[in-house]
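Student: Please take a close look at one part of this structure and describe its surroundings in detail. I would like the cut-offs stated as you go.

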Amino acid sequence: MQGKRLVRSRSDRMLGGVCGGLGEYLGIDPTLVRLFFVLLTFGEGIGVMLYLLLWLLIPAEGSERTESMEKTIREGAEEIAERARTMSEEIHE
């Protein structure tokens with residue numbers, strides 16, 4: 001039997017799939033995880049930074065299991081940059 005693996009969700013995502021992946025891994029509703037990040041952002045001010053860090057460190061769903069941490073971080077950074085470009089273009093329109 002294969003153990004659970006923490007990955008960023010591709011199907012249940014609003015930004016990077018971090019909350020969807022954490023919710024699935026922990027067996028709870030991803031909405032509760034999203035609420036947790038919002039509370040951290042407004043309460044302690046670290047929610048956004050924690051989310052971005054997890055986006056970089058948690059591999060995307062469907063990625064290779066043998067992938068190196070360096071490759072995971074590089075792909076996460078590229079995905080964040082692409083998402084930022086897309087959001088910027090949408091705002092300008």
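Tutor: A contact here means heavy atoms within 4.5 Å. Among contacts in the protein between residues at least 6 apart in sequence, 46% join residues at least 24 apart. The model is predicted, so local features need pLDDT of at least 70 and side-chain atom pairs count only at pLDDT 80 or more, whereas totals for chains, interfaces and linings use all residues. Residues are numbered from 1 along each chain as its sequence is written, and side-chain values use heavy atoms, with hydrogens and water left out.

First, the setting. The protein has four helices and zero strands, where helices (H or I, at least four residues) and strands (E, at least two) are DSSP runs numbered from the N terminus. From the N terminus on, the order of elements is α-α-α-α. The C-alpha trace spans about 45 × 30 × 25 Å along its principal axes. Of the 93 residues, 30% are buried; buried means under 20% relative accessible area, exposed over 50%, and partly exposed in between (1.4 Å probe, protein chains only).

The part to examine is the segment before helix 1, and R8, which lies in it, is the starting point. R8 counts as buried because its relative accessible area is 4%. Leaving aside its neighbours within four places in sequence, R8 is in contact with R13, G16, G17, V18, W55, I58, P59, A60, E61, G76 and E79. One of these, A60, is 52 residues away along the chain, yet the C-alpha atoms of R8 and A60 are separated by 4.6 Å.

R8 also makes polar contacts with backbone atoms. A polar contact is a pair of N or O atoms within 3.5 Å; within protein, one must be able to donate a hydrogen and the other to accept it, and residues adjacent in sequence count only if both atoms are side-chain atoms. The R8 side chain reaches the backbone oxygen of G16 at 3.2 Å. A polar atom of that side chain also lies 3.3 Å from the backbone oxygen of W55.

S9 is in the segment before helix 1 as well. With a relative accessible area of 3%, S9 is buried. Its side chain reaches the backbone nitrogen of S11 at 3.3 Å. Apart from neighbours within four places in sequence, S9 is in contact with G16, G17, G20, G21 and E61.

Next, the charged pairs. A salt bridge is a side-chain nitrogen of Lys or Arg within 4 Å of a carboxyl oxygen of Asp or Glu, and the structure holds five of them. One of these joins D12 and R34, with the closest N and O atoms 3.1 Å apart. This pair links distant parts of the chain, as D12 is in the segment before helix 1 (18–26) and R34 is in helix 2 (residues 30–43), 22 residues apart. D12 counts as partly exposed because its relative accessibility is 30%, whereas R34, at a relative accessible area of 18%, is buried.

R13 and E79 meet through their side chains in another salt bridge (2.5 Å, N to O). R13 lies in the segment before helix 1 and E79 in helix 4 (residues 69–92), so the pair ties together parts that are 66 residues apart in sequence. R13 is partly exposed, at 30% relative accessibility.

Helix 4 also carries a local pair: E82 forms a salt bridge with R85, the closest N and O atoms being 3.1 Å apart. E82 and R85 are three residues apart in helix 4, so about one helical turn separates them. Both count as partly exposed, E82 at 41% relative accessibility and R85 at 45%. Returning to the segment, R8, R13 and E79 are joined into one network by salt bridges that share partners.

Last, the largest pocket, whose volume is about 290 Å³. It is lined by 19 residues, and those closest to its centre are L15, C19, F37, V48 and Y51. Helix 1, helix 2 and helix 3 (47–57) each supply at least two residues of this lining. On a 1 Å grid over the protein atoms alone, a pocket is an open set of points with protein on both sides within 12 Å along at least five of seven lines, and lining residues have an atom within 4 Å of a point. Grid points are joined across faces, edges and corners, and a volume is the space filled by probe spheres set on the points. By class, the lining has 12 nonpolar, four polar and three charged residues; Ala, Val, Leu, Ile, Met, Phe, Trp, Tyr, Cys and Pro count as nonpolar, Asp, Glu, Lys and Arg as charged, and the others, Gly among them, as polar.

Notes: 1 Å grid on protein atoms, 1.4 Å probe; cavity = no way out; pocket = protein on both sides within 12 Å on 5 of 7 lines; lining within 4 Å.
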